[in-house]
Amino acid sequence: MHPLSSRSRRSWGALPGVPRAALVLLTLMCGVAPSARAEVPVQRSFLRLSSSNGHGAVMVDLEQKKVTHFREHLFATEEPVIDVSGRDVFDRGQPRVVHSRDLLFDAFFGLRSGGTQRWLNSKDVSVDADASGYWRWADGKTGGTGIASMVQKVGDLEVTTFVFAPQAVEHASFVMALRVRNTGNAPATGVSAFSLHNFHLGFGRPGVNSELEQNGETVEVNGNVFSEKGFAGVLAIRPVGAVARKSAWLASATGSESGYDVVNNGGGQDLPEYTAEPATGTGWVTGYQFDLGDLAVGAERWVGVAFAHHADPQAGATARQWLADYAGSSNAQALVNAEVARWASFQTETVKVPAGVTADEESVVRHSAVVLRMAQVRESEAFLREWLTRDNEARRTRFKGPNGAQVTLPGTVRHAGKGAVLASLPPGEWTYAWIRDGAYAAAGMATLGMRTEARDALAYYLNADSGRFRDFNELRPYNMPPYIITLTRYHGFGTEETDYNESGPNIEFDGFGLFLWALRHYERTTGDVTLADQYWNTVTTRVADALVALIDPGTGLIRADSSIWETHWNGRQRQWAYTSLTAARGLCDAAALAERKGDTERALRYRNAGEGIRRAMAERLTDNHYVLASNLEELESGRGYFDAAVFDAFAFGLFDPKGKIAQATFRSLDLRLSSPAGAGWQRNDDRYDHMGGSDLSPWGGEYDSAEWVIVSLRGAVAKRLAGDTQRADRVLGWVRDQSLKNYLAIAETYDEAKGTYKYNSPMAGFGAGAYALALAQRADATEDPACGAYFDESTLVKDTDAGTPEPDAGTPDADAGEWVPPDAGSVKGDVGGNGCSASGSGAMAVWLLAAFAGLALALRRRGA
């Protein structure tokens, strides 16, 4: 995803006049004996647990002690905003989009016991963080379900809140259930439970992570089932358990008229009973009171509430029927147990765990399968109102009705979103379908036995509304061929999109090769050849042929694009190694598919193209010491060309992991990009390679220096293939331990200095899928050279005496002829450092080094 803006800094080694004493001091304080330092202690820093059934998503925040998010779709956006002519609408150079909506402000339970009552999100009711997390799919197991649990204690009563999106409901819906258990030595008397649910259903589409307005909401009740409706649709709210009181009040109410105040003020007052006719107001809140009576020692009681959303404000009866069909006469415990049983069936009948895993690894990989399943869109239809964000603002759509006929809104449309795997689940920002993340996700699904899910994921890309950017001005010099794989990502309804900033759009070609790799991986793993056979014409003409057409005849590499780190355009596009390595691998796999099909002409053409790109990489993208560079332009400039994304050149089998290109590249990446706090690697050197000067990557920031899980897991695969099992095991162990501590979520990044979760979690393809692939590669212990054999490195000759000098004086690495960025002062493991950490003598040395560097820079600017 695109980098964050930040004031960038240059490598200390590239600053002229840095006193040699600083380097000596760093050596003395950190020591010179090569040894591998341990990672920083794992910390719990991720406290928001999401659940999805592929139609919507819900999230409980263990820090706020309540449910804080419920979205009408799993994905972040529906489709582009279009004008009356059907053209995309732009506003100040940015495309307007139809955002999905977060419908919930908050929801939580309360409890009366010991003669007083309180809401369970009160500051005096703590959460047992160790006991909370995703509920187990079987006794003795950890996680493996999409059921979030939050455990609290109120005196002798243990109260556990369960929150999940029910797999059996094919609509945006969720359940929150409460189990109250007496763990004391005496009966608990006069126990009651309360629920509060505050939905916002008013105007606006501010983005799925922002609140809607709450104007014009109406509440009505049928028996004990509430319907709350507004501009954003209707919520059916059904109690699960015997209700003592049903209550509704306006958020502006106070005292005895406010159910929140009644419980929050303690004592034993009951919720105010709601008996009014349907009423419209601003900020309706609903709630229930469940009188549980006395609880004997060891006894427990269950209550709950189920919710379902329909985008049509007049469809309350339909939404209520969904819940009636789902819950029936079941109690809350039965609903939770039924959901556990569904996930247990998934774990036992579908998921195939790689061989040789430990119990802890099994927990993480089984839950990774859950994340992959929850991150996949399962809806194919959506009800659209005639208004977009408020009354009388017309909405338009390109999509037709379920019967293929033109739709006049309001109405239901059939879209192409089903099967998409999003990059992350909430609270991650990346609830979009990137092809890059999706390829690793689909491969991970196939590896884990999720054949149906993997097939749906791959078929999605072949049926989505793509090829929309072929006539972009940016692509005119390329004579862009017809294509089907998106150049960036997709809206939720399956329409290709790209994001923009001041440097224009993201245009990425790595998805073509990644799709071809994932398609063959699926075929080889599952044995299902029907998918490629069914779509063979599309796969060849609009994926593989399009990729061949993007080969630059001048360099033999894939033409310049934005690639994996999404650098955008307008001078930021480069001939990236990652794009070329994915193209080479993908074309080799396309050749193998063509051979199976008996399509010998295409097989030869794709193989020649893939091998040609690989040779161009070896000749044009390696420096004089055989280090594989990030991109051609930075390599030719002589600096700042280190990027951990190139690990995939070896994980994908383009080059021999034990060969000279791999070994030189590993040494350089270990030395320059090893994370100061963790076992993995930062994504590239762009944050550090240009302070005070102008170079080819002036956009670097904290996103670049963070420790990236995807490159670390792919690096672990490459390292293991190279025989470095120690580093590979360290990385897998680090990711495992981080996930176990952080409720089984695999992060996008870790903070490079503290080791805590950073930016987006939980990740699907870049997290769960990549972790499954790494474990499977460890279990298989087999190599898979692209096009059947590694590149013949004996044909590659470099002038290793020439070096790759930097413009400024510094301290070069003898192995690779480049300079070391400051990071946080840590050189670890394989690269011979003793691992100066961000504390103690190492931190002091780094501080002193930074001080010397700053002084030198100041003197330089003053002309000294």
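The exercises below deal with strands, helices and aromatic rings in a predicted model.

**Exercise 1. The nine-stranded sheet**

Task: Find the order of the strands in the open sheet of 9 strands, and state which strands stand at its edges.

Solution:
- Step 1. Strands of a sheet pair through backbone hydrogen bonds, in either the parallel or the antiparallel sense.
- Step 2. In this sheet the pairing is antiparallel, and the order reads β10-β11-β12-β13-β21-β17-β16-β15-β19.
- Step 3. β10 (133-134) and β19 (279-281) each have a single partner strand, so one side of each is left without a neighbour in the sheet. These two are the edge strands.

**Exercise 2. Strand β21 and its partners**

Task: Describe how β21 pairs with β13 and with β17, and decide how many of the residues of β21 are buried.

Solution:
- Step 1. Locate β21 at residues 300-310. In the sheet order, β21 stands between β13 and β17.
- Step 2. Take β13 (residues 173-182): 9 bridges link this strand to β21, in the antiparallel sense. Within this pairing, V175 is opposite A306.
- Step 3. Take β17 (residues 233-240): 7 bridges link this strand to β21, again antiparallel. Here P239 has V305 as its bridge partner.
- Step 4. Follow the sheet from β17 to β16 (residues 225-230): these two strands are antiparallel and joined by 5 bridges. S227 is matched with A236 of β17.
- Step 5. Check the cover: of the 11 residues in β21, 9 are buried, and the strand is mostly covered.

**Exercise 3. The three-stranded sheet**

Task: Give the strand order in the open sheet of 3 strands, and name a bridge between β24 and β25.

Solution:
- Step 1. The order is β24-β25-β26, with antiparallel pairing.
- Step 2. β24 (433-434) and β26 (496-497) are the edge strands, and each pairs on one side only.
- Step 3. β24 and β25 (residues 489-490) are joined by 2 bridges. In one of these strands, β25, Y490 is the bridge partner of A433.

**Exercise 4. Aromatic pairs**

Task: Classify the ring pair of F108 and W119 and that of F469 and F472.

Solution:
- Step 1. A pair of aromatic rings is described by the distance of the centres and the angle of the planes. The whole structure holds 42 aromatic pairs.
- Step 2. For F108 and W119 the centres are 5.2 Å apart and the planes stand at 85 degrees, so this pair is edge-to-face. F108 belongs to β8 (residues 104-113) and W119 to β9 (residues 116-119), 11 residues apart.
- Step 3. Buried means under 20% relative accessible area. F108 has 4% and is therefore buried; W119, at 0%, is also buried.
- Step 4. For F469 and F472 the centres are 4.6 Å apart with 35 degrees between the planes, and the pair is tilted. F469 is buried at 6%, and F472 is buried at 17%.

**Exercise 5. Charges over rings**

Task: State which ring lies under the charged end of R136, and which ring R489 lies over.

Solution:
- Step 1. The charged end of R136 is placed over the ring of W135, 4.4 Å from the centre of that ring.
- Step 2. R489 lies over the face of Y432, and the distance to the ring centre is 3.9 Å.

**Exercise 6. Two helices**

Task: Decide how α11 is oriented relative to α12.

Solution:
- Step 1. The axes of α11 (residues 577-597) and α12 (residues 600-620) are 8 Å apart, and the helices pack at about 155 degrees.
- Step 2. Angles over 145 degrees count as roughly antiparallel, so α11 is roughly antiparallel to α12.
- Step 3. The crossing of α11 and α12 is left-handed.

Notes:
Residues are numbered from 1 along each chain as its sequence is written. This is a predicted model: local features need pLDDT of at least 70, side-chain atom pairs count only at pLDDT 80 or more; totals for chains, interfaces and linings use all residues. Side-chain values use heavy atoms; hydrogens and water are left out. Buried means under 20% relative accessible area, exposed over 50%, partly exposed in between (1.4 Å probe, protein chains only). Helices (H or I, at least four residues) and strands (E, at least two) are DSSP runs, numbered from the N terminus. Two strands pair if DSSP finds at least two bridges between them. Rings of Phe, Tyr and Trp (its six-membered ring) pair if their centres lie within 6.5 Å; planes under 30 degrees apart count as stacked, over 60 as edge-to-face and the rest as tilted. A charge sits over a ring if NZ of Lys or CZ of Arg is within 6 Å of the ring centre and within 35 degrees of the ring normal. Axes are lines fitted to C-alpha atoms, for helices over the stretch in contact, and angles run from 0 to 180 degrees between N-to-C directions. Angles under 35 degrees count as roughly parallel, over 145 as roughly antiparallel, 65 to 115 as roughly perpendicular and the rest as oblique. A crossing is left-handed if the near helix is turned anticlockwise from the far one by less than a right angle, and right-handed if clockwise.
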